[in-house]
Amino acid sequence: MDINRYSPSYSVNQKHMTRLADYSTEELFELLYATKQMKAKFAAHERTAILQDVTIALLFGDASLRTKSALEIGIRQLGGESVNLPYNENDMRAGENIKDVVNVICRYGVGALITRGIAQRELENFAEVSPIPVINSTNSDFVPMQAVSDLFTIWEHKKNLEGVKIAYIGKGTNVAASLLMGAVKCGMEVAVATPEGYTVKTEHLERAEQYGSITITDDPLFAAKNADVVYTDCYRYHTQLTEEEAKTLAPYKVNNRIMAQAAGTAMFMHPLPARRGVEVAPEVIDGKQSVVYTQAENKLHAIKAILALLIK
């Protein structure tokens, strides 16, 4: 389906966003068109106070920099307010009931619950009983908000999604799982190059393959061949790689040799934080083909679009 021939209604049927597998192609297009609108309004300094007097709860189980900043700033730009709630797995194991948590929060007038670092099964339990939208910013399985932002960035630069080739190279992270799902649903050509033992989780790959063909290889040069987009992710967020991990992943560092296999107009993407010299060479991420800062900027607009369409 050609996104440029799609006529958006700026609405989705989904109440929650825990993973992109729940969203149809049309709903993804709705989110992308809404992101485009949000970015245009931002550039024109046009106020969009659609969350006026709405409070959004941020329930974070681990630390964050860009995501938390983008969420708080985006909510404020939409006229709303955010409140930070502590989340501790020990509390849940001690008997804190999910149903009690969400029902009390919504009675405080909260319009949505945005989570981070909460396991997918537990997150789905939240969504199942929650009267307000539950939105997954990040967990160990999926990063759906990032994928929406990435798809918009690709559309913005390549002017289409259908038939555009993306090569994901490196460690098969949660970012990869969400990106691949969104990409195949939007008609993109997808290639994944990961070393043995670092692949995207089998269940996530198999589910994505229900919507489109994915080339899976251990050869990063083959995956990057004629790619329009080359993408990698941080291998470790809070800790250093072991010597063995570093040795296994070293051939997957995106460098000029890998970028040379891609199309001449290919762009490089990374969700940040990036370790230069580990998963990507400095000359690539800081070079002319890199769009990482635009990608990071677009996360703000994608977040606002998601909030605008999910919070009724």
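The following legends describe close-up views of a predicted model.

**View 1. The open sheet formed by five strands.**
The strands are arranged in the order 7-6-5-8-9, and their pairing is parallel. Strand 7 (214-217) and strand 9 (267-269) occupy the edges; each has a single partner strand, so one side of each is left without a neighbour in the sheet. On average, neighbouring strands of the sheet are turned by 20° against each other, direction ignored.

**View 2. The pairing of strand 6 with strand 7.**
Strand 6 (residues 189-193) runs parallel to strand 7, and four bridges join the two. Within this pairing, A193 stands opposite T217 in strand 7. In general, the strands of a sheet pair through backbone hydrogen bonds, in either a parallel or an antiparallel manner.

**View 3. Helix 7 lying across strands of the sheet.**
Helix 7 (residues 174-185) lies across strand 5 (165-169), strand 6, strand 7 and strand 8 (229-231). Relative to strand 5, helix 7 runs at about 165°.

**View 4. The packing of helix 2 against helix 13.**
Helix 2 (residues 66-77) packs against helix 13 (residues 292-310) at an angle of about 55°, and their axes are 9 Å apart. The two helices are therefore oblique to each other, and their crossing is right-handed. Helix 2 contributes T67, A70, L71, I73, G74, I75 and Q77 to the contact, while helix 13 contributes K299, L300, I303, K304 and L307. By character, the residues of this contact divide into seven nonpolar, three polar and two charged.

**View 5. The crossing of helix 1 and helix 6.**
The axes of helix 1 and helix 6 come within 10 Å and cross at roughly 75°. An angle of 65 to 115 degrees counts as roughly perpendicular, and helix 1 and helix 6 are therefore described in this way. On helix 1 the contact is made by L31, L32, Y33, T35, K36 and K39, and on helix 6 by V148, L151, F152, W155 and E156. The residues of this contact comprise seven nonpolar, one polar and three charged.

**View 6. The aromatic pair of Y33 and W155.**
A search of the whole structure finds five aromatic pairs, one of which is formed by Y33 and W155. The arrangement of this pair is edge-to-face, with 4.9 Å centre to centre and 65° between the planes. The pair links distant parts of the chain, since Y33 belongs to helix 1 (residues 25-43) and W155 to helix 6 (residues 144-158), 122 residues apart. Both Y33 and W155 also take part in the contact between helix 1 and helix 6.

Key:
Residues numbered from 1 in each chain as written. Predicted model: local features only at pLDDT ≥ 70, side-chain atom pairs only at ≥ 80, totals over all residues. Heavy atoms only, no water. Axes fitted to C-alpha atoms, helices over the stretch in contact; angles between N-to-C directions. Parallel < 35°, antiparallel > 145°, perpendicular 65-115°, else oblique. Left-handed = near helix turned anticlockwise from the far one by under 90°. Contact = heavy atoms within 4.5 Å. Nonpolar A, V, L, I, M, F, W, Y, C, P; charged D, E, K, R; others polar. Pairing = 2+ DSSP bridges. Phe/Tyr/Trp six-rings, centres within 6.5 Å; stacked < 30°, edge-to-face > 60°.
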